[in-house]
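Notebook open. I want to look up who touches whom in this one, starting with the nucleic acid and then moving to the protein chains.

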Number of protein chains: 2
Amino acid sequence: MAWNKEHKQQTKEKILVSAAKLFAHNGFEKISIDQVMQEAKLTRGAFYAHFKSKSDLYSQAIIKGAQAAQTRKPKNSNASLANIAQYYLSQTHRDEYDEPPCPLAFLVSDISQQNEDIKNTYTQIFKGFVNQANEHTEDQQKALQSAVLMIGGLAISRALSDEDLSNDLLTACQKAINEF
Amino acid sequence: MAWNKEHKQQTKEKILVSAAKLFAHNGFEKISIDQVMQEAKLTRGAFYAHFKSKSDLYSQAIIKGAQAAQTRKPKNSNASLANIAQYYLSQTHRDEYDEPPCPLAFLVSDISQQNEDIKNTYTQIFKGFVNQANEHTEDQQKALQSAVLMIGGLAISRALSDEDLSNDLLTACQKAINEF
DNA sequence: GTCTATAAATAGATAGAC
DNA sequence: GTCTATCTATTTATAGAC
């Protein structure tokens with residue numbers, strides 16, 4: 001029984017990791033349940049033993065993706081806001097497919113098209129993000145501005161086909177945060 | 001002949017206006033060609049006399065939407081960047097369904113999931129946006145930062161289910177631009 | 001150029017065997 | 001819990017009448 005429970009947990013984990021990756025790069029609508037299950041090396045039918053709907057999966061996958069993205073942050077406890085911005089607003093974060101990206105930036109306009117449950121999930125993650133920035137600035141308004149420069153800067157940089165402009169944008173956002 | 005040509009132009013215009021509105025609020029995947037044509041009071045079959053594909057429509061609808069959003073800007077020639085930010089980062093721009101919204105913010109992460117043609121279109125519109133900011137600041141880097149605070153701020157504010165936080169975010173972005 | 005009808009593919013979700 | 005099979009609905013795109 002304990003073994004079964006743990007096994008189920010691992011299976012669910014595998015589905016969530018697959019979903020987090022596929023959703024982050026393609027959004028909710030472009031990814032099918034079938035694609036997620038294939039990535040997790042399972043079949044469609046097994047899906048509903050773990051999630052009650054595609055929206056349910058999306059919500060949980062965003063949380064999983066945010067946790068995974070956290071592991072990429074600079075780990076020293078005295079890392080400055082500038083340190084965090086440097087990693088967050090990097091070309092690697094923008095381009096590297098195999099590293100878990102931050103769903104706050106990769107899915108921002110996708111979220112505003114989803115139901116209230118999903119917006120609640122996004123909002124909670126965003127609050128955590130701002131709180132982390134707040135530890136460095138001790139100023140709620142600056143924390144919000146930094147969050148927008150990071151999340152918004154990365155999101156826009158991903159939509160631009162002009163790579164020079166995209167790089168300039170990342171740099172400009174870093175500098176704005178450094179000047180805080 | 002001239003009459004027919006003009007009539008076709010008007011029909012296409014109606015399709016584009018319908019598409020711009022529906023796409024801006026729901027993204028590319030959630031809107032079907034059928035929905036766009038119904039909004040324009042036409043049927044599916046007529047669509048392909050005007051556009052070669054759904055992607056083609058999307059690209060042209062983004063341009064149309066950006067032009068429509070322009071008409072909402074403060075019109076005085078000596079409007080400051082703060083004036084523009086005040087309208088752009090307003091609750092009305094965020095919430096009002098019947099006013100044409102800026103696709104740069106409403107579709108930012110939707111665009112990064114689309115093909116190169118669409119990214120090119122988005123990039124051109126973004127460059128125009130930054131150039132307008134540049135007229136006020138005379139500083140390319142500040143223009144980029146202002147653009148991120150406006151577009152990113154509005155985009156994130158739309159994804160938040162906590163209205164107080166969403167409003168605070170808009171205000172914080174306005175203040176950051178005012179301090180430039 | 002616009003219509004109706006339809007082709008062809010794919011989606012989310014469920015049923016039942018093991 | 002996972003599988004195969006299937007239901008039902010929806011999608012983009014095309015064909016042909018008017």
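Which residues are the closest to DNA strand C? I get A:Ile33, A:Tyr48, A:Lys54, B:Thr43 and B:His50, out of 15 residues that surround the strand. Note to self: this is a predicted model.

I sorted that surface by class and got 5 nonpolar, 6 polar and 4 charged residues.

Next I checked which part of the DNA faces the protein. Of the strand C atoms within 4 Å of the protein, 69% belong to sugar or phosphate, and the rest to bases.

Then I went through some individual contacts. The side chain of B:His50 puts an N or O atom 2.6 Å from a phosphate oxygen of strand C. A:Ile33 uses a polar backbone atom instead, 3.1 Å from a phosphate oxygen. For a base, I noted B:Gly45, with a backbone N or O atom 3.5 Å from a base nitrogen.

On to the protein-protein side. Chain A and chain B each bring 47 residues to their contact. The buried area comes out at about 3900 Å², with 62% of it from carbon and sulfur atoms. On the chain B side, B:Gln113, B:Val148 and B:Ile156 lose the most area to chain A, together 15% of what that side buries.

I also counted the polar links. There are 17 residue pairs in polar contact across the interface, and the salt bridge count is 4. One I looked up is B:Lys127 with A:Asp162, at 2.9 Å from N to O.

Which helix of chain B gives the most to the side touching chain A? That is α9(B), with 13 residues. By class, I have that side down as 21 nonpolar, 14 polar and 12 charged residues.

Methods. Residues are numbered from 1 along each chain as its sequence is written. Chains are lettered from A and ligands numbered from 1 in the order in which they are written. This is a predicted model: local features need pLDDT of at least 70, side-chain atom pairs count only at pLDDT 80 or more; totals for chains, interfaces and linings use all residues. Side-chain values use heavy atoms; hydrogens and water are left out. A residue is near a molecule or strand if one of its heavy atoms lies within 4 Å of it. A polar contact is a pair of N or O atoms within 3.5 Å; within protein, one must be able to donate a hydrogen and the other to accept it, and residues adjacent in sequence count only if both atoms are side-chain atoms. Ala, Val, Leu, Ile, Met, Phe, Trp, Tyr, Cys and Pro count as nonpolar, Asp, Glu, Lys and Arg as charged, and the others, Gly among them, as polar. Contact means heavy atoms within 4.5 Å. Buried area is the accessible area (1.4 Å probe) that two parts lose on being put together, summed over both. A salt bridge is a side-chain nitrogen of Lys or Arg within 4 Å of a carboxyl oxygen of Asp or Glu. Helices (H or I, at least four residues) and strands (E, at least two) are DSSP runs, numbered from the N terminus.
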